Amino acid sequence: MAKRALITGITGQDGAYLAQYLLSKGYEVHGAVRRSSHGGVADHRLEWLGIREQVRLHDANMLDLASLIRLVQEVRPDEFYNLAAQSFVATSWNQPILTGQITAIGVSHALEAIRIAKPDTRFYQASSSEMYGLIQQPVQSEDTPFYPRSPYAVAKLYGHWITVNYRESFGMHASSGILFNHESPLRGREFVTRKVTDGVARIKLGLADELRLGNIDAKRDWGHARDYVKAMWLMLQQDAADDYVVATGTTTTVRDMCAIAFEHVGLDIEEHLVIDPEFFRPAEVDVLLGDPSKARRVLGWEPETSLGAMIREMVDADMTRLSQPSPPPAISMPL
Ligand code: G4F
């Protein structure tokens, strides 16, 4: 019998790549989706990967415990991947309570649904390197103390610890993946890598002439989402649940990441990059650098895509998208 996986956040970047990966392994893949009144399901990432018809989508909401219990009763998943979140850090200062409800309490809802309806389901929680925030050690591992710097990171910290707590309290197979930044052509355009690759492609095609960014001195440990979803799956294949850092082990400034994109299309960064105070955050995470040695040792996981290769792939994808007859409009709200 095919294994069954249930993914919350299946229409997001990681959900789409994870669904594709699990399908390639013969899983029956189910996804929880939140309906909205203004236009159906945002399933364009599943379409882009060509897997929309192969996944089964169900109506559910992280804020509605009953909907999650019903979903677990109906799908009876072997594995539950909780990728749903209000995941944009900048927005979490404008919507701190909603962020807490979805990104923190939503995890409790998922765990309770499993505990009530099918306690042997293996659970993956999408934790985040943002939890390290004001870093307490130059290289962050599973043993590094956390110091969150945004409402988003505070909420993620709750999700992380409640996952550990359910593992220790109820013996659930619940693992937490502390993923450092991971990107792809499916990344939302509000995040800095995609904002850069979309912006550079627009400039190259004559659709824009500048790219406005905030703190370009911030440093991140960036990997490819396609590689990182494999680590999620590996965690749930272990005999014992545990927590793992997933990272590349190298860190790069926003400025240098941006330079890769400009260079790829033969443009001079100095002529187009504008620093705009609008994009600075109330509290910044200056630098993140992960130590993935436990994931390498225990899971046998390795990142396969370099930052350079990933940014070039993203720029190429944006050039293709924007060259189509009706390209997506530029984002109109400040991000
Ligand atoms: O791409 P970002 O918005 O990602 P951030 O805040 O690091 O969070 C992402 O990674 C986390 C994992 O560590 C996830 F948990 C989270 O859900 C999300 O996926 O910003 C990266 C850096 C920041 O330091 C930001 O201040 O880029 C800097 N930046 C500079 N100018 C900008 C901009 N970020 C955005 N989004 N837009 C700018 O114009």
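**Contacts, overall form and strand 4**

Trainee: What share of the contacts in the chain with a separation of 6 or more comes from residues 24 or more positions apart?

Mentor: The model is predicted, so local features need pLDDT of at least 70 and side-chain atom pairs pLDDT 80 or more, while totals for chains, interfaces and linings use all residues. Numbering starts from 1 along each chain as its sequence is written, and side-chain values rest on heavy atoms, without hydrogens and water. A contact means heavy atoms within 4.5 Å. Of the contacts with a separation of 6 or more, residues 24 or more positions apart account for 80%.

Trainee: Which radius of gyration does the chain have?

Mentor: The radius is taken over C-alpha atoms, and the globule rule is 2.2 Å times the number of residues to the power 0.38. For 335 residues, a compact globule would come near 20 Å, and the chain agrees with this at 19 Å.

Trainee: Which residues of strand 4 are buried on its two sides?

Mentor: Strands are DSSP runs of E with at least two residues, numbered from the N terminus, and buried means under 20% relative accessible area with a 1.4 Å probe, protein chains only. In a regular strand the side chains alternate between the two faces of the sheet. In strand 4 (residues 79–82), both faces are covered, by buried Glu79 and Tyr81 on one side and Phe80 and Asn82 on the other.

Trainee: Which residue in strand 5 stands opposite Tyr81?

Mentor: Two strands pair if DSSP finds at least two bridges between them. Strand 4 runs parallel to strand 5 (residues 122–128), joined by 4 bridges. Opposite Tyr81 in strand 5 stands Tyr124.

Key
Buried means under 20% relative accessible area, exposed over 50%, partly exposed in between (1.4 Å probe, protein chains only).
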